[in-house]
Amino acid sequence: MVRWIMLTLYYSPGSSSMAAHIALHEVGAPFEKHAVSVPRKETRTPEFLAVNPAGKVPVLMIDGRPLTEVAGILYYLARTYPAAGLLPAGDIEAEAQAISWMSYVASTIHPAIRQGVAEARDLYAVADRRLGDRTWILGDRYSIADIHLFRVYWRFRDQLERKPGDFPALEAHHARMLERPAVKKTIEVEAKG
């Protein structure tokens with residue numbers, strides 16, 4: 001049994017923090033949320049900089065201590081709430097594959113759009129081939145890596161100048177993710193601001 005932990009998520013609707021928001025709904029942990037606007041520079045206020053000196057979301061406060069970066073927050077939630085099944089238990093290779101995917105999403109796919117549409121399309125095509133015909137990144141096991149990939153593709157897919165059939169695996173993954181209750185709930189909450 002998990003001891004009661006006070007969790008507070010600092011997020012900006014539609015930003016990278018959406019992945020942490022989805023994961024919190026997936027694990028079913030009670031949490032408070034504080035929306036801050038990146039466009040209005042609310043992450044640059046002295047109050048927010050006291051929470052995260054880097055001036056970025058997400059921040060997950062754990063009993064008053066800040067944890068930053070999407071991959072770290074997803075990993076923490078998966079390990080703290082193992083009953084949610086967001087990280088394979090007892091399978092070190094599958095766990096490493098999930099971490100490998102999250103590293104690829106964070107360091108390669110996420111910043112790709114800044115390099116131009118052609119470069120981004122090439123990198124998303126690699127992710128599409130890697131995903132292949134699997135239901136989830138780890139085959140039939142949904143994981144934190146799926147949440148991370150979804151959020152980045154969800155955010156940038158309209159900028160990729162997609163044509164039908166360009167990214168069939170990513171599109172199928174995207175559609176499956178949109179059916180998950182935690183994803184629906186997060187989109188609904190974040191749409192309200």
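## A pocket, a strand hairpin and some aromatic pairs

In this predicted model, 28 residues line the largest pocket, and Ser15, Ser16, Val57, His110 and Arg151 are the ones nearest its centre. The volume of the largest pocket is about 640 Å³. Beyond the pocket, there are five aromatic pairs to look at, along with a hairpin formed by strand 3 and strand 4. Here is a tour by topic.

**The largest pocket**

- Two elements, helix 3 (70–80) and helix 6 (144–156), each give two or more residues to the lining of the largest pocket.
- Helix 6 gives the most to this lining, with five residues.
- Sorted by class, the lining of the largest pocket holds eleven nonpolar, ten polar and seven charged residues.
- Val57, one of the residues nearest the pocket centre, is joined to Pro58 by a cis peptide bond with omega near 5°.
- Pro58 itself belongs to the loop between helix 2 and strand 3.

**Strands 1, 3 and 4**

- Strand 3 (residues 59–62) sends Val59 and Met61 one way and Leu60 and Ile62 the other way, and all are buried.
- Strand 1 pairs with strand 3 in the antiparallel sense over four bridges; here Thr8 has Met61 of strand 3 as its bridge partner.
- Strand 3 also runs antiparallel to strand 4 (residues 65–68), and four bridges join the two.
- Leu60 finds its bridge partner in Leu67 of strand 4.
- Two residues separate strand 3 from strand 4 in their hairpin, and Asp63 in the turn has a positive phi of about 50°.

**Aromatic pairs**

- The model has five aromatic pairs.
- One of them joins Tyr10 and Phe48: the ring centres are 5.9 Å apart and the planes meet at 65°, so the pair is edge-to-face.
- Tyr10 sits in strand 1 (residues 7–11) and Phe48 in helix 2 (residues 46–51), so this pair ties together parts that are 38 residues apart in sequence.
- Both Tyr10 and Phe48 are buried.
- Trp136 and Tyr142 also make an edge-to-face pair, with 4.9 Å from centre to centre and 70° between the planes.
- Trp136 counts as buried because its relative accessibility is 10%, and Tyr142 is buried with a relative accessible area of 10%.
- Tyr124, Tyr153 and Phe167 are linked into a cluster by ring pairs.

**Charges over rings**

- Arg176 places its charged end over the ring of Trp136, 5.7 Å from the ring centre. Trp136 is thus a residue to view from two sides of the story, as it also pairs with Tyr142.
- Arg130 lies over the face of Tyr104, and the distance to the ring centre is 5.1 Å.

**Positive phi in the loops**

- Lys41 has a phi near 60°, a positive value in a residue other than glycine.
- Lys41 is part of the loop between strand 2 (32–35) and helix 2, and its relative accessibility of 57% makes it count as exposed.
- Glu161, likewise not a glycine, has a positive phi near 50°.
- The loop that holds Glu161 runs between helix 6 and helix 7 (168–178).
- Glu161 is exposed, at 52% relative accessible area.

Definitions and conventions: Residues are numbered from 1 along each chain as its sequence is written. This is a predicted model: local features need pLDDT of at least 70, side-chain atom pairs count only at pLDDT 80 or more; totals for chains, interfaces and linings use all residues. Side-chain values use heavy atoms; hydrogens and water are left out. Rings of Phe, Tyr and Trp (its six-membered ring) pair if their centres lie within 6.5 Å; planes under 30 degrees apart count as stacked, over 60 as edge-to-face and the rest as tilted. Buried means under 20% relative accessible area, exposed over 50%, partly exposed in between (1.4 Å probe, protein chains only). A charge sits over a ring if NZ of Lys or CZ of Arg is within 6 Å of the ring centre and within 35 degrees of the ring normal. Two strands pair if DSSP finds at least two bridges between them. On a 1 Å grid over the protein atoms alone, a cavity is a set of points where a 1.4 Å probe fits but cannot get out, and a pocket is an open set with protein on both sides within 12 Å along at least five of seven lines; lining residues have an atom within 4 Å of a point. Grid points are joined across faces, edges and corners, and a volume is the space filled by probe spheres set on the points. Ala, Val, Leu, Ile, Met, Phe, Trp, Tyr, Cys and Pro count as nonpolar, Asp, Glu, Lys and Arg as charged, and the others, Gly among them, as polar.
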